[in-house]
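Colleague: I would like to learn how to read a few features of a model. Could we go through them one at a time?

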Amino acid sequence: MKKHLISTFTIAFIAMVLNIDVAYGQNFYKEKISRDNFLQVGIGLGTLYADNLGGLRMLDFKLRPGISASYGRKIHKHFDIRANVGYQRYRSQDIDYYPATVTQSWQTNNQAFASKNNLLYFDVAPSFYLFGADNHAFRSRINAYGGTGFGMLLNFKKTTNVTLNGVSNNKGLQTVAYIPFRAGISYSYNLYTDIALEGSLMMTFSDTLDGNEGFNRLNDIPFFGQIIIKRYLHPFKPFGLP
């Protein structure tokens, strides 16, 4: 009886070890196929460096929400390239925020006292990662990245002008090119998911996003920070379960 129990236990133990080895081997083989494509979404807050949106030096500006989504692919262990699309809201200061000497100049030159902006943007940008990895399974737990590219945005704006005839409200649509600059710090949450804090700045080629130009030295510059969730996609069933 004792020999029978020992034999049974030995067989069970060997079977368990073999099963673990097979499972590990299957998982290792599965992860040998690198997940180079990824999808990510983001949500955060942003503001706009513009003529009637307040003073950045005194941190006197209004934050508004925004969202984004990206699809990309790793092209080198240190580089990926992604297409980004997003939406960001902005709002200027109230009409009585600026002193009379400023608003009188705006009135004379028919510049907008206030504006509300809804930006839709699209860009393509490569990114450089500080710690490279040939396979998603061996990426660094903490990483830093940054990149730049080229994009276009649609600016749906509502502006308020004050003239000698009174207050006028105007709506317009504007198409503007920009150069995005992005940088972030990412954390490997699990085998297929990263969480990142990312900042973006858009160097536009226009000073009229807010309907006002010439008050600040630079063109209008949207910038925002977001929390990013990044998912590495299966190469054969990218939108299926892992």
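**Reading the features**

Modeller: Start with a single residue: Arg231 is placed in strand E9, residues 221-232. Keep in mind that this is a predicted model.

Colleague: Is Arg231 buried, partly exposed or exposed?

Modeller: The general idea is a cut-off on relative accessible area: buried is under 20%, exposed is over 50%, and partly exposed lies in between. Arg231 has a relative accessibility of 31%, so it counts as partly exposed.

Colleague: Which side chain does Arg231 join through a polar contact?

Modeller: The side chain of Thr193, at 2.7 Å. Sequence distance and spatial distance should also be read together. Arg231 and Phe38 are separated by 193 residues in sequence, yet their C-alpha atoms are 5.5 Å apart.

Colleague: What lies over the face of Phe38?

Modeller: Lys230 does, at 4.1 Å from the ring centre. There is another case of a charge over a ring: the charged end of Arg35 sits over Tyr192, 3.7 Å from the centre of that ring.

Colleague: How is a pair of aromatic rings described?

Modeller: By the distance of the centres and the angle of the planes. Here the rule gives a count of three aromatic pairs.

Colleague: Now Ser70. Where is it placed, and is it buried or exposed?

Modeller: Ser70 belongs to strand E2, residues 64-76. Its relative accessible area is 5%, and because buried means under 20%, Ser70 is classed as buried. The side chain of Ser70 has a polar contact of 2.5 Å with the side chain of Asn84.

Colleague: What share of the protein chain counts as buried?

Modeller: The figure is 40% of its 242 residues.

Colleague: And how many helices and strands are there?

Modeller: The protein chain has two helices and nine strands. Read from the N terminus, the order is α-β-β-β-α-β-β-β-β-β-β.

Colleague: How do I read a pocket, say the second largest one?

Modeller: Take volume, then lining, then chemistry. The second largest pocket holds about 180 Å³ of space. It is lined by 13 residues, and those closest to its centre are Ala114, Ser115, Lys116, Lys158 and Thr160. Strand E4 (112-129), strand E6 (150-163) and strand E7 (166-190) are the elements that each contribute two or more residues to this lining.

Colleague: How many residues of that lining are nonpolar, polar and charged?

Modeller: Two are nonpolar, seven are polar and four are charged.

How values were computed. Residues numbered from 1 in each chain as written. Predicted model: local features only at pLDDT ≥ 70, side-chain atom pairs only at ≥ 80, totals over all residues. Heavy atoms only, no water. Phe/Tyr/Trp six-rings, centres within 6.5 Å; stacked < 30°, edge-to-face > 60°. Lys NZ or Arg CZ within 6 Å of the ring centre and 35° of its normal. 1 Å grid on protein atoms, 1.4 Å probe; cavity = no way out; pocket = protein on both sides within 12 Å on 5 of 7 lines; lining within 4 Å. Points joined across faces, edges and corners; volume = space filled by probe spheres on them. Helix = DSSP H or I, 4+ residues; strand = E, 2+ residues; numbered from the N terminus. Nonpolar A, V, L, I, M, F, W, Y, C, P; charged D, E, K, R; others polar. Buried < 20%, exposed > 50% of the residue type's maximum accessible area, 1.4 Å probe, protein only. Polar contact = N/O pair within 3.5 Å; in protein donor to acceptor, adjacent residues only side chain to side chain.
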